[in-house]
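Biologist: Before we discuss this model, could you show me the chain, and then let me ask how each label is justified?

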Amino acid sequence: LRVEGLSFVMSGLIPLLSVHFGYDTPKTILRLAIVVWINSAPSALLVSAVVKYVLWEHMVRTGNKMRENFRRPIPLLQHNFNAIAILIEVGLLGKLPCRFQDFAVAPLFGTFYVVFTWCTAYCFGNLDRYGPQFRYPFLDTTLGMFTTIAVVALLLVFMSFFCILALAEQVLSIYIGGGFVGHAVAVAIFSLSVCRFRD
């Protein structure tokens, strides 16, 4: 949520400073804003989809009572609102682009997050008694090949979300038209496909 927040702050400050204060925004800042956006937008959708289809679903199937944590207000906001805000931005507000020419820089944030998770796994808890503590089971390097497959699958899903967002503007304008209602319906349908609010 912090990266999405940084993206939204940059997207708001750049035109505010330019239009109201006459500030000529350097191209480096504009490029940085796009890089932050193309890293945060697919990430928000990935997180929501992983929570909905993997983590929460696994807890429901196994009867794990920890799924109660997903239904609390703050986790619901963390895992759903960021994706909904991204989709509203793409479909209704500023229509920030995810361009195919930026394909190579899109997974930077996810890559840094995975490496950060691996580095901090040995910093928490009683290592002698419990071993390394990984934030998510699919990032647990002690599980061998499973982790490799999971990380590659996450990268493929992430890049799929990037491609969906890259195509979204064309689909919304060509097939749905430029109307608010059509865009709002598309945003609602896509939000429901990646967000989960109850068992």
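Modeller: What follows is a series of questions about labels, each answered by setting a value against its cut-off.

Modeller: Please keep in mind throughout that this is a predicted model.

Biologist: What makes up the secondary structure of the chain, and in what order do the elements run?

Modeller: The chain comes to 7 helices and 0 strands, and from the N terminus on the elements read α-α-α-α-α-α-α. Along the principal axes, the C-alpha atoms fill a box of roughly 60 × 35 × 30 Å. Of the 199 residues, 37% count as buried, and among contacts between residues at least 6 apart in sequence, 71% join residues at least 24 apart.

Biologist: Why is Thr147 called buried?

Modeller: Buried means under 20% relative accessible area, and Thr147 has a value of 4%, so the label applies. Thr147 is found in helix H6, and, leaving aside residues up to four places away in sequence, Thr147 touches Trp118, Phe138, Leu139, Asp140 and Thr141.

Biologist: Why does Val36 count as buried?

Modeller: The cut-off is again under 20%, and Val36 counts as buried because its relative accessibility is 11%. Val36 belongs to helix H2, and, with residues up to four places away in sequence not counted, Val36 touches Val3, Leu6, Ser7 and Met10. For one of these partners, Val3, which is 33 residues from Val36 along the chain, the C-alpha separation is 7.1 Å.

Biologist: Ile176 is also a residue of helix H6; why is Ile176 called partly exposed?

Modeller: Partly exposed is the range between the buried cut-off, under 20%, and the exposed cut-off, over 50%; Ile176 has a relative accessible area of 38%, and therefore Ile176 is partly exposed. Its contacts, not counting residues up to four places away in sequence, are Val171, Gly182, His183 and Ala186. Ile176 and Thr28 are 148 residues apart in sequence, and their C-alpha atoms lie 34 Å apart in space.

Biologist: How do you know that the span of H2 is close to the expected value, and where is its kink centred?

Modeller: H2 has 36 residues and reaches 51 Å from its first C-alpha to its last, which is close to the 52 Å expected at 1.5 Å a residue. There is nevertheless a kink of about 40° in H2, and this kink is centred on Val51. Just after H2, Gly63 takes a positive phi of about 75°.

Biologist: What are the corresponding values for H3, and at which residue does H3 bend?

Modeller: H3 has 19 residues and reaches 25 Å between its first and last C-alpha atoms, close to the 27 Å expected at 1.5 Å a residue. H3 bends by about 35° at Asn80. The buried residues of H3 include Pro75, Leu76, His79 and Asn80.

Biologist: What makes an empty region a cavity, and how many cavities of 30 Å³ or more does the structure hold?

Modeller: A region is called a cavity when a 1.4 Å probe fits there but cannot get out. The structure holds 1 cavity of 30 Å³ or more, and the largest cavity has a volume of about 40 Å³, so the largest cavity meets that cut-off. Its lining consists of Ser48, Val51, Trp56, Phe70, Pro75, Leu76, His79, Asn80 and Arg196. H2 and H3 are the elements that give two or more residues to this lining, with the largest share, 4 residues, coming from H3. By class, the lining of the largest cavity divides into 5 nonpolar, 3 polar and 1 charged.

Biologist: What makes the other kind of space a pocket, and how much space lies in the largest pocket?

Modeller: A pocket is an open set of points, whereas the probe cannot get out of a cavity. About 1,400 Å³ of space lies in the largest pocket. The largest pocket is lined by 37 residues, of which Val47, His79, Tyr113, Arg135 and Tyr136 lie nearest its centre. The elements giving two or more residues to this lining are helices H1, H2, H3, H4 and H6, and H2 gives the most, with 9 residues. The lining of the largest pocket divides into 25 nonpolar, 9 polar and 3 charged residues.

Technical notes. Residues numbered from 1 in each chain as written. Predicted model: local features only at pLDDT ≥ 70, side-chain atom pairs only at ≥ 80, totals over all residues. Heavy atoms only, no water. 1 Å grid on protein atoms, 1.4 Å probe; cavity = no way out; pocket = protein on both sides within 12 Å on 5 of 7 lines; lining within 4 Å. Points joined across faces, edges and corners; volume = space filled by probe spheres on them. Nonpolar A, V, L, I, M, F, W, Y, C, P; charged D, E, K, R; others polar. Expected span 1.5 Å × (residues − 1). Bend = angle between axes of the 7 residues up to and from the residue. Buried < 20%, exposed > 50% of the residue type's maximum accessible area, 1.4 Å probe, protein only. Contact = heavy atoms within 4.5 Å.
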